[in-house]
Amino acid sequence: MGHWQELEHTADLALHVWGGDLPDLFATAARGMFSLLVDLTAVPATQTLPVKLAAPDVETLLVDWLNELLYWGERERLAAYAEFEFAVLTPTTLQATARGGAVSEYCSYIKAATFHNLEVRVTTEGYETEIVFDT
Amino acid sequence: MADKQYFERVNAYTWELPKWFDARMQVPARLYCNEQIFDLAFRDKSIQQLINVAMLPGIVKYAMAMPDVHQGYGFPIGGVAAFRYDGGIISPGGVGYDINCGVRMLASTVRHEELAPYLEELLTVLYQNCPSGVGGKGAVRLSQKDLERVLERGSEWALAEGYAERADLVRTEDGGSLAGARADAVPPRAKERGRPQLGSLGAGNHFLEIDVVDEIYAPDVAQTFGLVQGCVVVQIHCGSRGLGHEVCSQYLRRLQGAPARYGFTIPDRELVAAPLDSPEGRDYLAAMFAAANYAFANRQVLAHCARRSFEKVLAGKVRDWRLRQVYDVTHNIAKIERHRVAGREQRLVVHRKGATRAFAPGHPDLPEVYRQTGQPVLVPGSMGTASYVLAGAERAMEETFGSTCHGAGRMMSRRQAKRSAHGEDVRAALRRQGVMVRSGSMRGLAEEMPQAYKDVSLVVESVVGAGLARRVARVRPLAVIKG
């Protein structure tokens with residue numbers, strides 16, 4: 001199971017994310033991002049959100065994935081997503097189902113996941129990356 | 001990473017890193033700040049980010065940082081960079097996700113003592129009338145066609161709809177309406193996000209503040225600006241909401257392949273750029289201008305809501321409740337401007353990312369009323385501390401493409417701020433200082449604690465010392481609304 005760590009950043013929010021494989025990295029990055037906004041243990045599992053994306057490379061796919069979840073989280077009422085299942089995940093394509101539900105507030109605000117210094121690295125334990133979010 | 005030793009001190013408030021420091025640098029890098037702030041700049045990645053900007057093609061003179069500089073996610077915040085119009089580039093990261101985040105100030109002749117009995121009620125009415133918070137719906141209902149008009153006309157739309165007086169537009173940067181904006185360049189999802197949000201503050205470090213003018217430094221200029229000692233002003237700080245963020249995200253994505261296509265390299269993907277005369281460069285400029293118009297209209301609607309609130313609470317109870325616009329500035333933008341470089345006037349694409357335009361007296365782009373004083377520059381401090389009103393000065397035109405700082409500048413991470421205090425403690429501490437706060441989020445309030453920011457008076461001292469602007473007035477807060 002992947003894990004994340006919040007990094008120091010003067011004005012924005014940043015995470016270091018590790019995952020055993022690519023789906024684990026993407027799921028952990030999403031959970032880490034929402035952990036900056038809500039208490040993950042309080043996220044209901046009342047909504048499912050299908051997500052289908054294509055991108056030229058894995059970094060763009062990761063940014064697209066996180067920004068897609070942010071968009072749907074803010075779209076109607078505020079929502080957060082904490083569970084993710086991937087039917088397809090290659091470095092350039094993604095088909096997934098996100099599970100989550102309405103929350104009363106976000107304790108912070110993320111405008112977007114950025115490309116800043118973004119690199120998905122393969123390691124002996126799987127994958128890792130660092131993502132900066134504009135707040 | 002550059003060490004302090006590689007910087008040359010040009011004068012008391014200017015530090016320069018020569019371009020030989022890194023072979024990829026096209027121009028030197030410059031910081032405009034006092035010694036204390038210079039030291040602070042090395043505590044995060046600001047300097048490396050500034051050096052990265054100096055590597056971009058077509059950059060002219062210097063990659064610059066103002067004294068409120070801090071680490072961003074591509075360009076440093078407090079960054080100014082100008083590129084040749086012919087053969088130069090435009091970079092969405094040099095504008096930011098919150099396109100035309102900016103500040104508007106409205107002044108009154110309501111004396112602090114007149115307001116005091118009604119301040120709490122006024123704050124409550126403002127909090128009700130000026131929507132704030134994450135995902136907050138705006139004060140205005142827009143159809144699709146309305147939104148297209150907002151994108152193409154900005155404050156002119158607001159005037160036509162009864163949300164503005166003509167004097168508001170005169171006293172707004174670019175009249176609140178950038179020519180060249182195209183609604184068709186704005187992605188559909190951006191429009192979808194923006195349509196319900198017009199007339200809302202948003203969250204994060206955005207605010208609406210009631211202040212009192214507590215010091216005047218330049219009496220003649222203050223009088224022209226409409227600032228009276230002991231009288232109340234309103235500041236509104238916000239931007240283009242979800243619409244702007246989406247425009248930035250989608251164009252950053254669209255431009256990812258541009259450097260390879262057009263034959264240049266960039267040190268950081270967030271600095272991606274395209275030639276201004278490429279299809280994607282032209283589309284981004286048009287979309288960015290449209291998002292900027294949305295933000296001007298947004299602040300105009302909020303100003304209207306503030307006026308309605310003042311009228312509701314104060315009409316008949318004070319001599320004159322009216323709010324008159326001082327100015328509206330943008331601090332995340334790229335503009336086409338003419339500047340003198342090496343003795344020759346050139347057309348440039350000036351990017352200001354957490355930096356404010358500060359045109360000097362006599363500049364033809366200033367409204368007649370401010371031609372003699374220079375442009376008002378609004379510099380909000382951190383929550384609960386003073387804000388400053390400055391006026392643009394001639395050295396800014398010579399040194400920084402008519403630019404100066406935009407605020408206090410952060411120095412503590414949000415993570416550290418959240419660990420140091422709770423929102424309730426911050427609110428209580430502000431209350432003890434005599435500042436009332438309404439906030440939608442306690443944790444958000446902790447992140448915005450005053451100690452997380454540099455001392456704005458030191459930032460102002462640096463820009464004044466560097467000759468980029470002069471002090472006109474200081475205002476201190478009485479009440480704050482935060483999302």
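**Exercise 1.** In this predicted model, work out in which order the strands of the open three-stranded sheet of chain A are arranged, and which of them lie at the edges.

*Solution.* Begin with the order, which in chain A reads β3-β5-β4, with antiparallel pairing in this open sheet of three strands. Next, look for strands that pair on one side only, and the edge strands prove to be β3 (47-54) and β4 (79-89) of chain A. Finally, follow the sheet from one strand to the next, where the twist averages 25°.

**Exercise 2.** Describe how β3(A) is joined to β5(A), and state which residue of β5(A) is the bridge partner of Lys52(A).

*Solution.* Count the bridges between the two strands: β3(A) and β5 (residues 93-102) of chain A run antiparallel and are joined by eight of them. Then take Lys52(A), whose bridge partner in β5(A) is Gln95(A). To complete the picture, add the helix that packs on the sheet, namely α2 (residues 58-75) of chain A, which touches β3, β4 and β5 of that chain, and whose direction makes about 145° with that of β3(A).

**Exercise 3.** Characterise the contact between chains A and B, paying particular attention to the side that chain B contributes.

*Solution.* Start with the residue counts, which are 27 residues from chain A and 34 residues from chain B. On the side of chain B that touches chain A, the elements giving two or more residues are α10 (241-254), α14 (414-420) and α16 (442-447) of chain B, and the largest share, five residues, comes from α10(B). Sorting this side of chain B by class then yields 15 polar, 12 charged and seven nonpolar residues.

Key. Residues are numbered from 1 along each chain as its sequence is written. Chains are lettered from A and ligands numbered from 1 in the order in which they are written. This is a predicted model: local features need pLDDT of at least 70, side-chain atom pairs count only at pLDDT 80 or more; totals for chains, interfaces and linings use all residues. Two residues are in contact if their C-beta atoms, placed from the backbone, lie within 7 Å. Helices (H or I, at least four residues) and strands (E, at least two) are DSSP runs, numbered from the N terminus. Ala, Val, Leu, Ile, Met, Phe, Trp, Tyr, Cys and Pro count as nonpolar, Asp, Glu, Lys and Arg as charged, and the others, Gly among them, as polar. Two strands pair if DSSP finds at least two bridges between them. Axes are lines fitted to C-alpha atoms, for helices over the stretch in contact, and angles run from 0 to 180 degrees between N-to-C directions.
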